[in-house]
Amino acid sequence: MQPWLSESLISENLISGMIGVLGAIIGGAFTLFATWWTLKKQKELRELDSFSEQVSNLLEINILSSTLFLKFSELSLLDVNDNQIGEVEREINTLVTKMYVCSSKVDHKTFEKIHEIPSIIYDALYNINALKLQGEAGYLYEFTERIKNRLMETAEFSNKHREALADTYNEQSKKTKRRFIFLK
């Protein structure tokens, strides 16, 4: 066998092996990139899907806060012996529970703002009845006004936060649509 023949076979085998390894590295890199890109797109779409639920829950919190405001106004006007007090208090408890659940479905910021409201309202219901029994109309008015102010702050917060999330949703949705159009 000729020495130059064995060297050329080694060189050809080495070159073909190097080409195979290089092809595997390039193919693996493309696979990793495609996987990363797919996961990123899925995350963006999940975020877009969650925005609509968050915006909806913030709208519900706004409505619940306003309704609670009206219920506290109604409660402060009722006589202590009025049979409607129990019904209004049950409605308030139901609304507070709904607001608490909605806040847990939005984000940490919203939950932090609202998580203490149920205990404030339960204390308020107890104190309102105690003030009515004692005949302290001045304190009662002041007390219910503080609760109503807190509820209005909550309504304003949820409205501003909802608008901010809606703007973010619109921006993200435009970016996502542009990217998908680019890929077509």
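Q: Which residues make the nonpolar surface patch of about 320 Å²?
A: A patch of this kind joins nonpolar side chains within 5 Å of each other, each residue having over 30% relative accessible area and no salt bridge. In this predicted model, Leu22, Ile26 and Phe30 make such a patch, with an area of about 320 Å².

Q: Where is Leu22 found?
A: Leu22 belongs to helix H1, which covers residues 3-77.

Q: How many helices and how many strands does the chain have?
A: Read the secondary structure as a list of elements. Here the chain has five helices and zero strands. Starting at the N terminus, the order is α-α-α-α-α.

Q: What share of the chain counts as buried?
A: A residue is called buried when its relative accessible area is under 20%. By that cut-off, 28% of the 184 residues are buried.

Q: How many salt bridges does a search of the whole structure find?
A: Look for a side-chain nitrogen of Lys or Arg within 4 Å of a carboxyl oxygen of Asp or Glu. The search finds four salt bridges.

Q: What distance, N to O, goes with the salt bridge of Lys71 and Glu74?
A: The side chains of Lys71 and Glu74 meet at 3.5 Å, N to O. Now place them on the chain. Both residues sit in helix H1, three residues apart, or about one turn of the helix.

Q: Is Lys71 buried or exposed?
A: Check the percentage against the cut-off. Lys71 has a relative accessible area of 18%. Buried means under 20%, so Lys71 counts as buried at 18%. Its partner Glu74 is partly exposed, at 30%.

Q: Which residues are linked with Lys71 in a network of salt bridges?
A: A network links several charged side chains. Here Lys71, Glu74 and Glu91 are linked by salt bridges.

Q: How many residues apart along the chain are Lys71 and Leu95?
A: Compare separation along the chain with separation in space. Lys71 and Leu95 are 24 residues apart along the chain, and 9.7 Å separates their C-alpha atoms. For the starting point, recall that Lys71 is in helix H1.

Q: Which side chain does Glu116 meet in a salt bridge?
A: Glu116 meets the side chain of Arg150, at 2.7 Å, N to O. Glu116 lies in the loop between helix H3 (108-114) and H4, and Arg150 lies in helix H5, so this pair ties together parts that are 34 residues apart in sequence. Glu116 is partly exposed, with 33% relative accessibility.

Q: Where do Glu145 and Lys148 lie?
A: Both are in helix H5, three residues apart, about one turn of the helix. Their side chains form a salt bridge of 2.9 Å, N to O. Next, read how covered each one is. Glu145 counts as partly exposed, at 23% relative accessibility. Lys148 counts as buried, at 9%.

Q: How many cavities of 30 Å³ or more are there?
A: A cavity is a space where a probe fits but cannot get out. The count here is one cavity of 30 Å³ or more. The largest cavity holds about 30 Å³ of space.

Q: Which residues line the largest cavity?
A: The lining is made of Ile117, Ile120, Ile121, Ile147, Arg150 and Leu151. Sort them by type. Five are nonpolar, none is polar and one is charged. Arg150 is also a salt-bridge partner, meeting Glu116.

Q: Which helices each supply at least two residues of that lining?
A: Helix H4 (117-134) and helix H5 (137-183) each do so.

Q: What separates the C-alpha atoms of Asn170 and Leu48?
A: Again, set the chain against space. These two residues are 122 residues apart along the chain, and their C-alpha atoms are separated by 9.1 Å. Asn170 is found in helix H5.

Q: What is the relative accessible area of Asn170?
A: Asn170 has a value of 38%. Partly exposed covers the range between buried, under 20%, and exposed, over 50%, so Asn170 is partly exposed.

How values were computed: Residues numbered from 1 in each chain as written. Predicted model: local features only at pLDDT ≥ 70, side-chain atom pairs only at ≥ 80, totals over all residues. Heavy atoms only, no water. 1 Å grid on protein atoms, 1.4 Å probe; cavity = no way out; pocket = protein on both sides within 12 Å on 5 of 7 lines; lining within 4 Å. Points joined across faces, edges and corners; volume = space filled by probe spheres on them. Helix = DSSP H or I, 4+ residues; strand = E, 2+ residues; numbered from the N terminus. Nonpolar A, V, L, I, M, F, W, Y, C, P; charged D, E, K, R; others polar. Patch = residues over 30% accessible without salt bridge, like charges linked within 9 Å, V, L, I, M, F, W, Y side chains within 5 Å. Areas by Shrake-Rupley, 256 points an atom, 1.4 Å probe, with all protein chains shown as cover. Buried < 20%, exposed > 50% of the residue type's maximum accessible area, 1.4 Å probe, protein only.
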